[in-house]
Amino acid sequence: MIELNLPRLHLAQLPTPLEEAPRLSAALGGPRIFFKRDDLTGVGLGGNKARKLEFLMGRATSGEFDTLVVCGGFQSNLARIAAAMGNRLGLKVVLVLGGEPGESRSPVGNLLLDHLYGATVHLVDTVPRWDFGTTVEDVAADLRRKGSRPLVLPLGGSGPEGIAAYVKATEELLAQLRVLGARPSHLYVAVGSGGTYAGLSLGALDGGAPYRVMGISVSRTREYLLQQLPLISSHAAEALRLPRCPTEADLDIEDAYVGSGYGVLTPGCRDAIQLVASTEGVLLDPVYSGKTMHALIDHVRTGRITADETVVFLHTGGWPALFAYDPVSLGIGTVSAAQGGPQ
Ligand SMILES: *Cc1c(COP(=O)(O)O)cnc(C)c1O
């Protein structure tokens, strides 16, 4: 057991189930596959950000703050869950959501929920996507001028607190694997801001995990991530007083499944979403878990993962974003009014 001296609130539904996916394995003629269901963390419709926010909210409710400032994309899962949790804790929630000009800002999917939760929402142009310039700090400064005490969360919640959450999640996973007597060779996970991956790789080193953590980028290049992940990991290891820290040799990162960009559906992602929904009744999302499952499927089909292995797929959630996508892009045929659809 790793003792982390960080305040944490127990808000998420934990432990999340570790479920076998035999029909998916059979459909692929592939390995034994377990889903670690972090899409079922409960609060605010769940996802990996609920774990990170347990630690971030520990800080937010220290007495120093009364407002959360959260930045992300228009379909940010962090923003959606932070808005729900903030309400439960009596914190005001201000969202600064950015995207490239022309990107849909319709109040659908996560953005619909942000509004229902009553968050203050600022929609801004960011070019390139994750460059908020000084916008977030400006919003926080304005709140301070008006007498609020804001806590600005890092992008993706990926500071030491968010990373700590996945060090602890690793303990939970390893205990479940021990009960099952399973020794997976790989743990597949999506990589956005990288905090989840960093926590999982720190946790794997400290807990002597049997698997390598396979990170599938959904936006950044592999080169960028191989530079960034050791930096954020060592910063977190220092803050959390963990003895060991992954080096580049410990990192397995792929960027071949991004397609034309963050949040843009690829055929492989669409097929992965359909396959998992139709074999296991589990919903993946178009931004993160669908692309990660595409990678796993591709690795099985190309023989990189063989049928005698066991793998764990960390389902990080995100499926509320499905409702922001055009059905046709998800491979669902058009139903025109003339064919009897809703008028
Ligand atoms: C944020 C997010 C991720 C990626 O986590 P990072 O820690 O930012 O790398 C994966 N899946 C979903 C659904 C997310 O919302």
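This passage describes how the ligand is held in a predicted model. Local features are reported where pLDDT is at least 70 and side-chain atom pairs where it is 80 or more, whereas totals for chains, interfaces and linings use all residues. Residues are numbered from 1 along each chain as its sequence is written, and side-chain values use heavy atoms, with hydrogens and water left out.

The ligand is surrounded by 16 residues, a residue being counted when one of its heavy atoms lies within 4 Å of the ligand; the closest are Lys-49, Lys-52, Ser-193, Thr-196 and Thr-316. By class, this shell divides into three nonpolar, eleven polar and two charged residues, where Ala, Val, Leu, Ile, Met, Phe, Trp, Tyr, Cys and Pro count as nonpolar, Asp, Glu, Lys and Arg as charged, and the others, Gly among them, as polar. At least three residues of the shell come from each of domain 1 (18-47 + 158-330) and domain 2 (49-156), with bounds taken from an automatic or database domain assignment.

Polar contacts with the ligand (pairs of N or O atoms within 3.5 Å) were found at several residues. An oxygen atom of the ligand is 2.8 Å from an N or O atom in the side chain of Lys-49, and for the side chain of Thr-196 the corresponding distance from a ligand oxygen to an N or O atom is 2.7 Å. At Gly-195, a polar backbone atom lies 3.3 Å from an oxygen atom of the ligand. Taken alone, the ligand exposes 380 Å², of which the protein buries 97%, as computed by the Shrake-Rupley method with a 1.4 Å probe.

Methods: Polar contact = N/O pair within 3.5 Å; in protein donor to acceptor, adjacent residues only side chain to side chain.
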